[in-house]
Amino acid sequence: MAKTEKAIEALLKEGRTFSPSKKFRDNAHVQDEALYRKAKRNREKLWEDFAKELDWFKKWRKVLTWKVPDAKWFTGGKLNVSYNCLDRHIETARKNKAAIIWVGEFGESITLTYWELYREVNKFANVLKNLGVKKGDRVTIYLPMIPELAIAMLACARIGAPHSIVFGGFSPDSLRDRIRDCKAKVLITSDGGYRRGKVIPLKKNADEALKKTPSIKKVVVVNRVGDKEKVRMKRGRDLWWHKLMEDTSPYCAPERMDSEDMLFILYTSGTTGKPKGIVHTTGGYMVGAYATTKLVFDLKEEDTYWCTADIGWVTGHSYIVYGPLANGATSIMYEGAPDYPDIGRFWAIVEKYAVNIFYTAPTAIRAFMKWGEEHPKKYDLSSLRLLGSVGEPINPEAWMWYHTHIGGKKCPIVDTWWQTETGSILITALPGLTKLKPGSTTIPFPGIEADVVDEAGKSVKVGAGYLVINSPWPSMLRGIYGDRRRYVDTYWSKYPGIYFTGDGAKRDKDGYIWVLGRVDDVMNVAGHRISTMEVESALVDHPAVVESAVVGKSHDLKGQAIVAFTTLKRDVKSSPKLLEELRAHVAKKIGAIARPDEIIFTADLPKTRSGKIMRRLLRNIAEGAVLGDTTTLADPSVVNQLREQHEHKEG
């Protein structure tokens with residue numbers, strides 16, 4: 001049996017269960033099954049009631065219009081996301097409550113109250129307007145995790161300019177491609193950012209990207225690192241953030257946005273190599289992010305909430321900025337790594353700010369395990385009452401360590417499944433109600449009709465299959481920017497009328513869902529989705545490489561590691577120096593997160609007689625699993641040679 005199959009079987013034999021304490025249940029937003037029963041009776045009424053908890057300039061005429069694959073939620077409704085995150089709170093006792101507590105790389109901190117954040121967002125909204133940005137114009141944001149990132153995205157939402165945030169770890173090429181795809185008018189960046197004490201030259205990266213981005217008219221630059229990074233400012237194009245904010249009006253009327261107006265574009269890896277611009281709209285996304293933040297995290301007025309994600313990913317969009325602020329929460333925003341300046345950094349922050357809710361990735365949890373339980377023991381973590389996991393499936397061992405050594409055996413853990421495309425959490429426990437199983441995302445959020453189906457689309461009551469969503473939900477993507485055909489082919493063609501997630505899953509006898517990971521050619525590396533084709537293209541871009549095939553390999557820390565089987569040009573000799581050069585080349589083309597863990601030089605790749613590379617066999621080689629059927633290969637000896645090479649490398 002292959003390693004992965006053994007792991008799945010072991011997963012489903014997990015017999016430990018954990019119920020919420022009476023104290024937690026008695027104080028939780030959801031204490032019984034009433035919400036699930038309500039969803040079963042009338043899903044649309046459930047979502048409509050959540051929508052009524054937000055502020056609308058004009059009420060909707062119809063909750064849902066559904067014509068596969070196009071959904072319209074809260075048709076005719078008018079609202080503004082920035083207004084719901086800020087304006088509605090400043091007329092209440094929350095006016096001087098902390099909205100965002102920012103903690104910097106070197107321990108510096110800034111606390112922005114709702115009133116202060118409101119003024120900064122209004123001022124920058126006016127800055128954008130003064131630069132000629134109008135409703136519908138796209139704005140690209142390429143910033144480190146600093147307060148200006150949240151301010152910029154909320155300002156875009158205020159004036160109706162869809163934002164496209166590009167993770168600060170991405171390369172100039174990745175930034176360029178995303179700007180070109182959405183034809184952004186303005187870029188917001190900084191002179192640099194920090195990562196483990198080193199300066200990341202964001203402005204230099206941006207300048208490189210901007211050589212081939214004719215749509216960009218203005219560049220706004222935040223002064224983050226100062227004299228530590230000399231930057232070139234292009235006259236007439238580049239402008240300093242702080243200069244623009246001087247003498248700018250502190251009020252900008254919020255744009256009355258239609259519920260289906262675009263709120264943002266966020267690029268995610270796709271199997272064809274070209275990133276997909278996922279489109280989210282205003283009303284439905286806001287309802288999904290608001291409702292799930294409130295109920296999944298059992299958010300209370302007095303809570304201090306910390307999601308450790310980067311805002312460059314969808315988790316940061318929904319669960320650092322939009323969801324928490326719509327709920328009037330205090331949200332911590334952290335710039336830095338979990339192990340800098342030391343491996344107790346996260347726990348020092350939890351202690352200092354008395355964090356109540358902590359939401360992080362299995363990658364981080366496995367790193368904490370590796371570093372040892374003695375480190376969190378040095379800190380007072382007694383303020384924690386709820387833990388969360390996001391980004392990839394969490395193995396039971398990591399779940400138990402998290403529960404024991406971070407949660408003190410008293411905190412429920414909400415293991416959440418969702419995607420950039422879904423906008424908000426779809427499968428999760430509700431912490432005051434759900435009996436937890438280590439490693440399982442448990443059951444769908446009320447109003448979400450998730451299923452596990454076989455190849456023919458038939459529901460699998462117990463066993464493995466594909467994870468699908470049978471009906472629309474408010475925060476679902478509305479398309480891939482500029483590519484209708486790809487949207488339909490990717491998500492709606494495998495099973496007509498049903499959303500195909502691209503993930504495999506198993507369902508146990510209790511109806512609990514266990515997500516197994518990607519079934520397509522997208523790898524999940526430390527919670528980040530990276531296309532195999534994207535890495536292959538970067539490798540082939542190097543003059544020494546003629547062909548490459550990339551697969552994901554199970555990794556205890558990162559979930560998946562990147563393994564590249566690479567064929568060099570005939571006159572090129574392999575060497576350790578070339579191997580490191582290729583790894584660096586991929587990092588330059590895509591970003592450090594895509595740097596291959598292993599590169600195996602090979603004279604040939606396993607291909608069918610029609611020329612298709614058999615990645616299934618390469619995955620099996622990388623995992624050390626049984627190869628399986630090789631009869632369709634043009635040259636079956638290739639896989640045996642590769643396996644011997646890999647085993648020799650491993651040995």
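Trainee: Which residue follows H11 and has a positive phi?

Mentor: Good place to start, and keep in mind that this is a predicted model. Just after helix H11 there is a residue whose phi is positive, near 45 degrees. That residue is Asp-298.

Trainee: How many residues of H11 are buried?

Mentor: Let's look at the helix itself. H11 covers residues 282–296 and has 15 residues. From its first C-alpha to its last it reaches 21 Å, close to the 21 Å expected at 1.5 Å a residue. The helix is largely enclosed by the rest of the structure, because the number of its 15 residues that are buried is 14.

Trainee: Thanks! Now for charges: how many salt bridges does the count come to?

Mentor: Here is the idea behind them: side chains of opposite charge can pair when their charged atoms come close. The rule used here asks for a side-chain nitrogen of Lys or Arg within 4 Å of a carboxyl oxygen of Asp or Glu. By that rule, the number of salt bridges is 43.

Trainee: Which residue meets Arg-478 in a salt bridge?

Mentor: Arg-478 has 15% relative accessibility, and buried means under 20%, so Arg-478 counts as buried. The salt bridge of Arg-478 has an N to O distance of 2.9 Å. Its partner is 218 residues apart from Arg-478, in the loop between strand E13 (257–258) and strand E14 (262–268). The partner is Glu-260.

Trainee: Is Glu-455, the salt-bridge partner of Lys-494, buried or exposed?

Mentor: In this pair, the closest N and O atoms are 2.8 Å apart. Lys-494 sits in the loop between helix H16 (484–491) and strand E24 (499–507), and Glu-455 in the loop between strand E21 (450–453) and E22. Lys-494 is partly exposed, at 31% relative accessible area. Glu-455 has a relative accessible area of 52%, and over 50% counts as exposed, so the word for Glu-455 is exposed.

Trainee: In which helix do Asp-489 and Arg-485 both lie?

Mentor: These side chains meet in a salt bridge of 3.1 Å, N to O. An α-helix has 3.6 residues a turn, so residues three or four places apart point the same way. Asp-489 and Arg-485 are four residues apart, about one turn of their helix. That helix is H16.

Trainee: What is the relative accessible area of Arg-485?

Mentor: Start with its partner: Asp-489 is partly exposed, with a relative accessible area of 41%. Arg-485 is exposed, and its relative accessible area is 53%.

Technical notes. Residues numbered from 1 in each chain as written. Predicted model: local features only at pLDDT ≥ 70, side-chain atom pairs only at ≥ 80, totals over all residues. Heavy atoms only, no water. Helix = DSSP H or I, 4+ residues; strand = E, 2+ residues; numbered from the N terminus. Expected span 1.5 Å × (residues − 1). Buried < 20%, exposed > 50% of the residue type's maximum accessible area, 1.4 Å probe, protein only.
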